[in-house]
Amino acid sequence: MRLLRVPARLTTPRLVLRTWRAEDRPAFTALNADPMVMEHIMGTPMSQAESDQLAERIDEHWQERGYGLYAVELRSTGELAGFIGLHQHLAVPQEVEIGWRLAPSAWGRGLATEGAMAVRDLAYGQLRLRSLIAITVAANVRSVRVMEKLGMTYWRQVRFQEWLLTVYRGIPDAMTDTPSQAREGAR
Ligand SMILES: CC(C)(COP(=O)(O)OP(=O)(O)OC[C@H]1O[C@@H](n2cnc3c(N)ncnc32)[C@H](O)[C@@H]1OP(=O)(O)O)[C@@H](O)C(=O)NCCC(=O)NCCS
């Protein structure tokens, strides 16, 4: 198992991304129980017990791998808005997924993109990942738009349990720049 360590806290102009605290649980439960939030996510809105199990899986992922899904706090209010971060998805276990889930009150202001850009830069920088994937269902147009704004492009569809998942993939700019620089050099 590869153990990589990333900072426990990242800041962007409007967000703090940090590791989780016990007092995050009520807001996390409310997020996962919201039908708007869960509309395109596998399964249905979560019960308290399901949300607690997810919180425990997120903690275990951090402990096992040294990186994971960050709790996202709004800098203006200190409120927990959701999560953004990295994890391994069972549907494509050979890749690292970048993912996000925010409360509707935070939507439509570019916050998911802002936080995800910081996580993407960490993944390609400190973690030296050569690719990232993002997984959704095609109907989740907001999430697909965030993927596009991160520079990711459609890669493939994957069947996972009863779902047909859409997978986007990105690679560091440096890897896409290399061939064009080589072409320029050849002119
Ligand atoms: C997906 C999610 C994180 C996006 O958060 P956000 O902070 O609103 O995202 P951003 O503001 O950074 O970007 C959203 C983009 O979607 C676009 N968008 C919003 N509603 C849209 C719609 N109905 N149709 C098309 N595009 C839409 C926005 O215009 C924006 O793109 P733009 O910057 O080019 O205008 C948020 O909606 C969410 O948490 N949803 C529920 C959980 C979820 O589905 N998570 C992803 C699972 S794969």
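Let's start at the ligand: 21 residues surround it, and Leu102, Gly108, Thr113, Arg145 and Lys149 come nearest (a residue is near if one of its heavy atoms lies within 4 Å). This is a predicted model, in which local features need pLDDT of at least 70 and side-chain atom pairs count only at pLDDT 80 or more, while totals for chains, interfaces and linings use all residues. Residues are numbered from 1 along each chain as its sequence is written, and side-chain values use heavy atoms, leaving out hydrogens and water.

Where does the shell around the ligand come from? At least two residues each are supplied by β5 (97-102), α4 (111-124), β6 (132-136) and α5 (141-149), and α5 gives the largest share, 6 residues. Helices (H or I, at least four residues) and strands (E, at least two) are DSSP runs, numbered from the N terminus. By class, the shell holds 10 nonpolar, 6 polar and 5 charged residues; Ala, Val, Leu, Ile, Met, Phe, Trp, Tyr, Cys and Pro count as nonpolar, Asp, Glu, Lys and Arg as charged, and the others, Gly among them, as polar.

Now look at the polar contacts, pairs of N or O atoms within 3.5 Å. A polar side-chain atom of Lys149 lies 2.5 Å from an oxygen atom of the ligand. The backbone takes part too: a backbone N or O atom of Gly110 is 2.8 Å from a ligand oxygen, and a polar backbone atom of Ala112 is 3.0 Å from an oxygen atom of the ligand.

Next, turn to two helices, α1 (residues 25-33) and α3 (residues 48-65), whose axes come within 9 Å and cross at roughly 115 degrees. Here axes are lines fitted to C-alpha atoms over the stretch in contact, and angles run from 0 to 180 degrees between N-to-C directions. Among the residues that meet (heavy atoms within 4.5 Å) are Phe28 in α1 and Leu54 in α3.

Technical notes. Polar contact = N/O pair within 3.5 Å; in protein donor to acceptor, adjacent residues only side chain to side chain.
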